Amino acid sequence: YYSKKMPQQKERNYDEALTANRVPDTEIDLKAEAFSFIQQKKWAKALANYSTLELQDQTDNEMRFYRAVANIHQNHLELAINDLNFLLNDSAQVKKDGVKWYLAIAQLQKGDSYQANILLQELALSTTSDYRTLAQELLK
């Protein structure tokens with residue numbers, strides 16, 4: 001009959017190592033994989049990764065932007081519009097023109113041409129926007 005207990009120290013260190021080392025790797029892997037899915041136009045797979053990251057409270061502006069793009073392609077327009085409006089109103093967001101472009105596209109697909117035209121006109125009149133020519137073409 002053994003009354004000796006196994007040392008608990010090893011188990012605790014193992015758990016700490018898993019927590020310290022695996023979670024960040026998983027987060028980075030999921031973000032990289034999601035971006036890869038976006039590039040491959042695998043929208044549903046990208047959205048699945050973004051959902052997992054959101055559950056892990058790992059939402060950032062870049063993720064919101066690409067999640068919105070994927071949601072537009074999956075016809076989840078309200079979800080895309082919510083993310084894009086958040087980004088448009090976030091003072092830290094630097095890619096405002098990209099946000100405006102995709103917000104206009106989502107609003108057009110939803111049937112809200114009034115709001116879409118306002119955004120497209122802003123882009124078309126901008127001398128610095130990468131989306132200027134695209135917006136001008138869409139407004140014709």
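## A buried aspartate and its helical surroundings

Asp-83 forms a salt bridge with Arg-64, and the closest N and O atoms of the two are 3.6 Å apart. This pair links distant parts of the chain, with Asp-83 in helix α4 and Arg-64 in helix α3, 19 residues apart. A salt bridge is here a side-chain nitrogen of Lys or Arg within 4 Å of a carboxyl oxygen of Asp or Glu. Helices are DSSP runs (H or I, at least four residues), as are strands (E, at least two), and they are numbered from the N terminus.

The model is a predicted one, in which local features need pLDDT of at least 70 and side-chain atom pairs count only at pLDDT 80 or more, while totals for chains, interfaces and linings use all residues. Residues are numbered from 1 along each chain as its sequence is written, and side-chain values use heavy atoms, with hydrogens and water left out.

### The charged network

The side chain of Asp-83 also meets that of Arg-67 in a salt bridge, at 2.7 Å from N to O. Here too distant parts of the chain are linked, since Arg-67 lies in helix α3 and Asp-83 in helix α4, 16 residues apart. Asp-83 is buried, with a relative accessible area of 7%, and Arg-67 is likewise buried, at 9%; buried means under 20% relative accessible area, exposed over 50%, and partly exposed in between (1.4 Å probe, protein chains only). Leaving aside neighbours within four places in sequence, Asp-83 is in contact (heavy atoms within 4.5 Å) with Arg-64, Arg-67 and Ala-68. Glu-54, Arg-64, Arg-67 and Asp-83 are linked in a network of salt bridges.

A search of the whole structure finds seven salt bridges. One of them joins Lys-140 to Glu-137, with the closest N and O atoms 3.3 Å apart; Lys-140 is exposed, with a relative accessible area of 77%, whereas Glu-137, at 48%, counts as partly exposed.

### Helices α4 and α2

Helix α4 covers residues 77-88, and its 12 residues reach 16 Å from the first C-alpha to the last, close to the 16 Å expected at 1.5 Å a residue. The expected span of a helix is 1.5 Å times one less than its number of residues. The buried residues of α4 are Leu-77, Ala-80, Ile-81, Asp-83, Leu-84 and Leu-87. Seen down the helix axis, these buried residues fall within an arc of 165°, so they line one face of α4; the arc is that of the directions from the helix axis to the C-beta atoms. What covers them includes α3 (61-73) and α5 (96-110).

In α2, the 13 residues should span 18 Å at 1.5 Å a residue, and the end C-alpha atoms are 18 Å apart, which agrees. Trp-43, Ala-46, Leu-47, Asn-49, Tyr-50 and Leu-53 are the buried residues of α2. They cover an arc of only 160° around the axis, which puts them on the same side of α2.

### The nonpolar core

In soluble globular proteins, nonpolar side chains tend to be buried together. A nonpolar core is taken as a set of buried Ala, Val, Leu, Ile, Met, Phe, Trp, Tyr and Cys residues joined through side-chain atoms within 4.5 Å. The largest such core has 33 residues, and those with the most contacts inside it are Ile-38, Tyr-50, Phe-65, Ile-72, Leu-84, Trp-101 and Ala-135. The elements that give two or more residues to this core are α1 (9-39), α2 (43-55), α3, α4, α5 and α6 (113-125), and the largest share, seven residues, comes from α3. Not counting residues up to four places away in sequence, Phe-65 touches Leu-84, Leu-87, Gly-98, Val-99 and Tyr-102.

### Loops and positive phi angles

Most residues other than glycine have a negative phi. The table lists two residues with a positive phi that are not glycines.

| Residue | Phi | Place | Relative accessibility |
|---|---|---|---|
| Lys-41 | about 60° | loop between α1 and α2 | 59%, exposed |
| Asn-75 | about 65° | loop between α3 and α4 | 55%, exposed |

Just after α2, Asp-57 takes a positive phi of about 60°. In the loop between α4 and α5 stands Ala-92, which is exposed, with a relative accessible area of 55%. Ala-92 and Asn-61 are 31 residues apart in sequence and 8.8 Å apart in space, C-alpha to C-alpha.
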